[in-house]
Amino acid sequence: MKIAVVCLGNICRSPMAEVVLRDRLDGSGLDDVELVSAGTGGWHAGEKMDRRAAATLLEAGYDPERHRARQWPVGDPETYDLVLAMDADNLADLADLAGQTPASRLRMFRDFDPEGPGDVPDPYYGGAEGFREVLAMVERTSDAIVASLATSRRGS
C-alpha cells in the first residue's frame with residue numbers, strides 16, 4: 001500500500017504527519033505500507049522541515065532530520081492507494097493535479113480524526129502553540145489511520 005500526505009509547501013504539516021504516521025506504522029506490524037509527504041507547491045523542494053515543526057517533533061521524541069521537502073506528485077500519482085490532504089485548499093489542488101488518481105483515493109487527513117473532520121490548520125505564520133496543536137491532531141489521527149488500516153487488513 002502507498003500513502004501520501006500532502007500540504008502546501010511540505011515543510012510543516014505534511015512532514016509532521018509523515019514522521020508521526022511512520023512512527024505509528026513501524027510499531028503496527030503493517031510493514032508493507034510506503035509513506036511519503038509532499039507539497040502542492042515547489043517553493044521549498046529540497047529544504048529541511050521548518051525549524052519550529054522540527055523542534056516540536058524533537059520535543060515529543062520524534063526524529064525530524066531525514067525529511068526533505070518534495071513537490072507533488074512524487075512518482076506516479078496513480079500508484080497511491082490513499083492521498084491525504086491537510087486542508088480543503090490542498091484537497092482542491094490535489095483534485096486538479098492528481099491526473100488519473102481516482103477521486104475516491106483523495107481524502108482529508110482529518111477524515112480519520114476521532115474528534116471530527118476538518119482542516120489541519122497551517123501553523124507557519126503563528127507561534128509554537130500552533131505547531132503543538134498540529135502535532136496533537138496528527139498524533140491522534142495517525143493512531144486512527146493505523147487502526148483503520150489494520151481493521152481493513154483483517155477484514156480482507
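Which handedness does the β-α-β unit of strand 1, helix 1 and strand 2 have? I looked this up at the start, and the unit is right-handed: with the strands pointing away from the viewer, the path from the first strand over the helix to the second runs clockwise.

A note on what I worked with. The model is predicted, so I kept in mind that local features need pLDDT of at least 70, side-chain atom pairs count only at pLDDT 80 or more, and totals for chains, interfaces and linings use all residues. Residues are numbered from 1 along each chain as its sequence is written, and side-chain values use heavy atoms, with hydrogens and water left out.

Next I turned to strand 1, residues 2–7 (helices, H or I of at least four residues, and strands, E of at least two, are DSSP runs numbered from the N terminus). Of its 6 residues, 5 are buried (under 20% relative accessible area with a 1.4 Å probe, protein chains only).

Then I checked its neighbours; two strands pair if DSSP finds at least two bridges between them. Strand 2 (residues 34–39) runs parallel to strand 1 and is joined to it by 6 bridges. Here Ala4 has Val36 as its bridge partner, and Val6 stands opposite Ala38. Strand 3 (residues 82–85) is also parallel to strand 1, through 4 bridges, with Leu84 opposite Val5.

Stepping back, I found an open sheet of 4 strands in the order 2-1-3-4, paired in parallel. Strand 2 and strand 4 (106–108) are its edges, each pairing on one side only.

Technical notes
Buried < 20%, exposed > 50% of the residue type's maximum accessible area, 1.4 Å probe, protein only.
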